[in-house]
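Dear colleague,

Please find below the structure that I promised to hand over, with its sequence alongside. My notes on what was found in it follow, arranged by topic so that you can read them with the coordinates open.

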Amino acid sequence: KAARKYYKTAIDNLEFRARHRALTNLAQLALRENNTNEARELLYQSLLVNPAYCQSHFLLGTIYLNEGNMRPATEELKKSVQSTCVGNVEAHYKLGIAYHQQMQLDQAKRFYERAMKLHRNYSEAINNVGTIHYARGSYRRAVSTYKKALQISPNSASIHSNLGTAYFARKRYKEATEEYLIALKLDPEVFEHRSSFGSMLQ
């Protein structure tokens, strides 16, 4: 509440052209309180003040992504990785997800790899590159990619499950069973999260 009051006071006292940061901070507070509609409206206001403010584009893109609206998510996230936000690892990763969900696999892989370049131990991005190899029938590459992700996140049920699926596709049934059992031990509901890709995005 104190933070909300501070940012609202800041908005009232700042010049119009300088209000975008306070509006975006208020939007972040609204998102933490699960007030998505309020956050969206605040971000719209922020972008009216400064249409190039990449953090507002990133948060708006994240809202669209979480709602499953992939086209507007892609457009907003594309803006968030330009210019001053080029180093935003999560923006590159989420843009990869938006492209992935639209089955634009080359673009998805491109942005996952950008995220991995910015953060070499980004296991979620590595896992998702593995799902692209799997979707393309490159099961050997999928296996090696999932193994790389597990070196970073050995307790990830979804990555163990994905590795099991890749082993199964290669007819390595013993290894597949072992990975599935590990996944189930880590998360008994792991298979309920499986996507239409046959493996799980993170």
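**Salt bridges**

R172 counts as partly exposed, since its relative accessibility is 26%. Before going further, I should say that this is a predicted model, and what follows is meant to be read in that light.

The side chain of R172 meets that of E175 in a salt bridge, with 3.2 Å from N to O, and E175, at 26% relative accessibility, is likewise partly exposed. Side chains of opposite charge can pair when their charged atoms come close, and the structure holds seven salt bridges.

Among them is the one between E113 and K109, whose closest N and O atoms are 2.6 Å apart. These two residues are four residues apart in helix α7, and therefore about one helical turn separates them. Their surroundings can be described separately: K109 counts as buried because its relative accessibility is 19%, which is under the 20% limit, whereas E113, at 35%, counts as partly exposed.

Another of the salt bridges joins E75 to K78, with 3.7 Å between the closest N and O atoms. Here, too, the partners lie in one helix, α5 (residues 70–80), at a spacing of three residues, or about one turn. E75 is partly exposed, with a relative accessible area of 41%, and K78 is partly exposed as well, at 31%.

**Aromatic pairs between α6 and α7**

The count of aromatic pairs comes to five. One of them is formed by Y93 and Y112, whose ring centres are 6.0 Å apart and whose planes stand at 45° to each other, so that the pair is classed as tilted rather than stacked or edge-to-face. Y93 belongs to helix α6 and Y112 to helix α7, and the pair thus links parts of the chain that are 19 residues apart. Y93 and Y112 are buried, and together with Y122 they make up one aromatic cluster.

The pair of Y99 and F111 has a separate geometry, with ring centres 5.8 Å apart and planes at 15°, so it is stacked. Because Y99 lies in helix α6 and F111 in helix α7, this pair ties together parts that are twelve residues apart in sequence. Y99 is buried, with a relative accessible area of 6%, and F111 is buried at 5%.

**H133 and its contacts**

In helix α8 (residues 123–135) you will find H133, which is buried, with a relative accessible area of 7%. Leaving aside residues up to four places away in sequence, H133 touches K109, S138, R141, A142 and T145; K109, as noted above, is the residue that forms a salt bridge with E113. The C-alpha atoms of H133 and L105 are separated by 9.5 Å, with their positions 28 residues apart along the chain.

**Positive phi angles**

Most residues other than glycine have a negative phi, and most peptide bonds are trans. Against that background, two residues deserve a look. N34 has a phi near 65°, a positive value in a residue that is not glycine, and its place is in the loop between α2 (20–32) and α3 (36–49). With a relative accessibility of 65%, N34 counts as exposed.

M103, also not a glycine, has a positive phi of about 60°, and M103 sits in the loop between α6 (89–101) and α7 (105–118). The relative accessible area of M103 is 47%, and the residue is therefore partly exposed.

**A nonpolar surface patch**

L181, L184 and F191 form a nonpolar patch on the surface, and their accessible area together is about 250 Å². F191 is found in the segment after α11 (173–186), and at 33% relative accessibility F191 counts as partly exposed.

**Confidence**

The mean pLDDT of the protein is 88, and 84% of its residues reach 70 or more. Among the elements, helix α9 (residues 139–152) has the highest mean value, 98, while helix α1 (residues 2–13) has the lowest, 56. Where pLDDT is low, the predicted coordinates should not be read in detail.

With best wishes

Key:
Residues are numbered from 1 along each chain as its sequence is written. This is a predicted model: local features need pLDDT of at least 70, side-chain atom pairs count only at pLDDT 80 or more; totals for chains, interfaces and linings use all residues. Side-chain values use heavy atoms; hydrogens and water are left out. Buried means under 20% relative accessible area, exposed over 50%, partly exposed in between (1.4 Å probe, protein chains only). Patches are made of residues with over 30% relative accessible area and no salt bridge: like charges are joined within 9 Å, nonpolar side chains (Val, Leu, Ile, Met, Phe, Trp, Tyr) within 5 Å. Accessible areas come from the Shrake-Rupley method with a 1.4 Å probe; for residues, only the protein chains shown count as cover. A salt bridge is a side-chain nitrogen of Lys or Arg within 4 Å of a carboxyl oxygen of Asp or Glu. Rings of Phe, Tyr and Trp (its six-membered ring) pair if their centres lie within 6.5 Å; planes under 30 degrees apart count as stacked, over 60 as edge-to-face and the rest as tilted. pLDDT is the predictor's confidence in each residue, from 0 to 100. Contact means heavy atoms within 4.5 Å.
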